[in-house]
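User: Please take a close look at the interior of this model, with its enclosed cavities as the centre of attention. I would also like the surrounding core and the charged pairs to be described.

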Amino acid sequence: MVDPASTTAFALVVAGTSLLAVAARRFRVRDELPTLDGWALAGRQFGAVLTWFLLGGTIYTAYTYAAVPGLVYGIGALGFFALAYTVIVYPLAFVLLPRLWRVAKDNGHTTVADYVRTRYDSPLLALAVALTGILATMPYIGLQLLGIRAVLVAGGLYPTDGIAGDLTLVAVFAVLAGATYRSGLRAPTVISLAKGVLVGSTVGAIVVLVLHRLGGPQAVFRAAEDAITARGVPEASLTLAPSLYTTYATLALGSALALLMYPHVLTASFAASSADRLRKAIIGLPAWTAVLGLFALLGVAALAAGVQARPGNAEAAVPMMVQELTSPIASGLVFGALAVGALVPAAVMSVGAAALFVRNVYVEYFHPTATPKHQAQVARAVSLVAKFGALAFTFGLPDQDAINLQLLGGVWILQTFPTVALGLFTRWPHRGALLAGWLVGMVSGTVLAASGGFSSVVSFAGVHVYVALAALVLNLAVAAALTPALDRLGVARELARGTAGGAVVR
């Protein structure tokens with residue numbers, strides 16, 4: 001039954017955030033003609049603090065905040081790989097993202113596929129990167145809605161009988177769609193400020209309250225270990241079994257590499273005003289990992305509290321615990337914060353996908369003479385299509401099918417890593433070899449994931465590894481083998497245009 005106090009608190013949080021999104025049209029606006037760069041990257045004018053909020057709000061999605069404690073609740077220590085991968089990703093981001101920002105800024109690139117197009121003088125390779133980014137992003141947007149819907153259903157704030165709950169979700173998303181249509185990246189940037197405050201403060205307060213109610217950290221971990229052992233699930237434990245070492249390590253490494261290639265992360269990075277400010281923002285990102293760690297701790301607490309989530313619905317365990325152990329107003333605030341957590345990444349994802357489509361599909365192949373204003377108009381329309389396509393995706397597919405598509409999205413986006421990252425440091429790989437490696441990685445990763453029942457892990461001679469990383473190894477092997485072969489055959493490389501990874505690539 002829906003509690004009026006909880007619903008009111010939730011509605012106030014979401015309504016206040018929606019007003020911020022609408023007001024974003026006046027945030028950091030310049031008196032200039034509309035351009036895709038101005039709409040999708042807010043004119044590249046964000047300082048270190050704004051970039052920190054935007055990157056953190058984009059990387060740490062609502063589904064992450066639901067899925068990580070759900071994994072810990074369901075399988076124990078293996079679920080903590082999410083913390084390890086966010087620790088791994090920041091040194092990589094510190095090296096790669098400012099370098100990529102510099103190349104993009106100096107050459108007027110709006111998307112990562114623009115960089116690929118110029119770096120390798122290859123429209124086909126740029127198209128592969130752009131389509132992969134769009135393909136991987138679409139289920140990710142839908143997954144934000146699935147995550148928040150699962151949380152709200154568990155918290156009793158989403159009526160499951162009739163269409164009232166679905167209409168509420170559509171209304172909230174429609175406000176976001178309208179704000180992003182008008183303001184572009186400025187809308188999620190403003191919301192990210194609210195997200196950082198709301199998510200950080202609410203989860204901190206809930207952790208303190210839950211630990212106090214359950215007798216402190218030692219009692220929580222002891223009770224949680226007893227609870228997960230009593231289930232009798234093989235290898236489920238709060239201490240990592242040796243057989244899971246390779247699974248844990250490859251999930252962490254593969255996820256870190258894949259995250260840096262997602263369009264929403266690159267879009268947020270390109271909006272920084274300088275490479276130095278982007279570096280400063282990245283240095284502060286571990287604070288968001290600390291918040292994620294608190295959510296993971298709530299998964300342990302849900303075990304200790306004896307929460308009984310349905311099989312296959314582990315992400316509902318923490319919302320159920322919050323509803324049981326806190327007041328209705330407090331639970332409404334927590335669920336509102338999680339709803340806000342979905343709005344930022346969903347908006348940035350739609351902006352990133354729209355920019356890729358316009359710059360690297362529409363302009364490249366359909367309208368090469370499109371003016372900057374026309375490009376911005378088309379991007380606005382595409383962003384609407386992306387958001388409402390995600391809604392249809394959410395309501396039209398079973399939850400498990402949507403999660404399977406997101407798994408494939410992670411496999412696919414990782415296959416762009418060699419093309420994007422290697423090109424910043426070396427000119428050795430041949431563009432034809434990179435394209436062939438990308439194709440092999442895409443096909444092999446999809447086949448491995450599907451043939452394993454859409455498991456994120458595949459076994460080779462008894463060694464369990466992340467399927468996306470296995471496909472990446474094949475990708476790199478093909479690229480490394482074909483590069484000297486294509487050179488010997490005299491297949492043309494890209495034109496020599498400046499220095500790889502330097503300030504000038506054109």
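Analyst: The account below begins with the cavities, then turns to the core, two individual residues and the salt bridges.

The model is a predicted one, in which local features need pLDDT of at least 70 and side-chain atom pairs count only at pLDDT 80 or more, while totals for chains, interfaces and linings use all residues. Residues are numbered from 1 along each chain as its sequence is written, and side-chain values use heavy atoms, with hydrogens and water left out.

A cavity is a set of points, on a 1 Å grid over the protein atoms alone, where a 1.4 Å probe fits but cannot get out; lining residues have an atom within 4 Å of a point. Grid points are joined across faces, edges and corners, and a volume is the space filled by probe spheres set on the points. By this rule there are 5 cavities of 30 Å³ or more.

The largest cavity has a volume of about 130 Å³. Its lining comprises 18 residues, of which F295, L298, V318, V334 and L338 are the closest to the centre. Helices here are DSSP runs of H or I with at least four residues, numbered from the N terminus. The elements that contribute two or more residues to the lining of the largest cavity are α4 (62–75), α9 (186–214), α14 (286–304), α15 (317–325) and α16 (328–366). In composition, this lining divides into 16 nonpolar residues, 1 polar and 1 charged. In this division Ala, Val, Leu, Ile, Met, Phe, Trp, Tyr, Cys and Pro count as nonpolar, Asp, Glu, Lys and Arg as charged, and the others, Gly among them, as polar.

The second largest cavity holds about 90 Å³ of space. Among the residues that line the second largest cavity are A40, L41, P263, L266, F270, A355 and L356. At least two lining residues come from each of α2 (36–41), α12 (263–270) and α16, and α12 gives the largest share, 4 residues. The lining of the second largest cavity has 8 nonpolar residues, 4 polar and no charged.

The core can be considered next. A nonpolar core is a set of buried Ala, Val, Leu, Ile, Met, Phe, Trp, Tyr and Cys residues joined through side-chain atoms within 4.5 Å. Buried means under 20% relative accessible area, exposed over 50%, and partly exposed in between, with a 1.4 Å probe and protein chains only. The largest nonpolar core contains 160 residues, and Y65 and L298 touch the most other members. The largest share of this core, 20 residues, belongs to α16. Contact means heavy atoms within 4.5 Å. With residues up to four places away in sequence not counted, L298 touches V203, I206, V207, V210, V318 and M321.

Two further residues illustrate local surroundings. T132 sits in helix α7 (residues 123–154) and counts as buried because its relative accessibility is 2%. Beyond residues up to four places away in sequence, T132 touches W412, I413, T416, W438 and M442. F80 occupies the loop between α4 and α5. Apart from neighbours within four places in sequence, F80 is in contact with V72, Y248, A296 and V300. F80 and P69 are 11 residues apart along the chain, and their C-alpha atoms are separated by 8.7 Å.

The charged pairs complete the description. A salt bridge is a side-chain nitrogen of Lys or Arg within 4 Å of a carboxyl oxygen of Asp or Glu. The whole structure has 6 salt bridges. One of them joins the side chains of R44 and D37 at 3.1 Å, N to O. R44 is buried at a relative accessible area of 9%, whereas D37 is partly exposed at 22%.

R102 forms a salt bridge with D106, with the closest N and O atoms 3.5 Å apart. Both residues lie in helix α5 (residues 81–107), 4 residues apart, about one turn of the helix. R102 is partly exposed at 34% relative accessibility, and D106 is partly exposed at 25%.

A salt bridge also links the side chains of E364 and R117, at 3.4 Å, N to O. This pair connects distant parts of the chain, with E364 in helix α16 and R117 in helix α6 (residues 112–120), 247 residues apart. E364 counts as partly exposed at 29% relative accessibility, and R117 is partly exposed at 26%. R117, D121 and E364 are linked in a network of salt bridges.

Methods
1 Å grid on protein atoms, 1.4 Å probe; cavity = no way out; pocket = protein on both sides within 12 Å on 5 of 7 lines; lining within 4 Å.
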